[in-house]
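Reader: I am new to this structure, and I would like to learn how its labels are earned. Could you show it to me first?

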Amino acid sequence: MLQFFVATPTHLRRSAASARSSSKSRSPRQPGVRRQAPAIETFPNPRPGRDYEIAIRCSEFTSVCPKTGLPDFGEIRISYVPGERCIELKALKYYMLDFRNRGIFYEAVTNQILDDLVAVCAPRRMTVVGDFSARGGITTTVTAEYEKI
């Protein structure tokens, strides 16, 4: 009888018991449970006296469905007219990556991103669009908007 062995890197090996315990400890299915997200950094607007629009596309956004624990994929589009501060893109990337293991609904994540970005950069206007990939033949697009009064 032939036996085949597959070499698995040490960092990928886990026993069934440790897989069960770690899945319970990270629990991506808890909607609304939020740990500290990476800081979103900003920099001074080089033209604070002019209205101009900045458009950002995060085409590989992922989060986790809080009902099923399955991954959700989509694109987040951010457009804003900056006030005194602009969003630093590397920090934004790390902030977006933080959602990949979080159980959160489409509507909640789109509005959370808007709230967090408005809090750090105080734009004149901002729109966040979450355009999520099909699941079960249904696509969803969520749009959240902010305008300074």
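Author: Here is a short talk about charged side chains. The model is predicted, so local features need pLDDT of at least 70 and side-chain atom pairs count only at pLDDT 80 or more, while totals for chains, interfaces and linings use all residues. Residues are numbered from 1 along each chain as its sequence is written, and side-chain values use heavy atoms, with hydrogens and water left out.

Reader: Why is the contact of Arg135 with Asp72 called a salt bridge?

Author: A salt bridge needs a side-chain nitrogen of Lys or Arg within 4 Å of a carboxyl oxygen of Asp or Glu. The closest N and O atoms of Arg135 and Asp72 are 2.3 Å apart, so the pair fits the rule. Five salt bridges are counted in this way.

Reader: Why is Asp72 called buried?

Author: Buried means under 20% relative accessible area, exposed over 50%, and partly exposed in between (1.4 Å probe, protein chains only). Asp72 has 5%, so the residue is buried.

Reader: What makes Arg135 partly exposed?

Author: Its relative accessibility is 29%, so Arg135 falls in the partly exposed range.

Reader: How do you know that Asp131 and Arg77 meet in a salt bridge?

Author: Their N to O distance is 3.4 Å, so this pair also satisfies the rule. Asp131 lies in strand β5 and Arg77 in strand β3, so the salt bridge ties together parts 54 residues apart in sequence. Strands are DSSP runs (E, at least two residues), numbered from the N terminus.

Reader: Which residues are joined into one network?

Author: Salt bridges with shared partners join Arg57, Glu75, Arg77 and Asp131.

Definitions and conventions
Helices (H or I, at least four residues) and strands (E, at least two) are DSSP runs, numbered from the N terminus.
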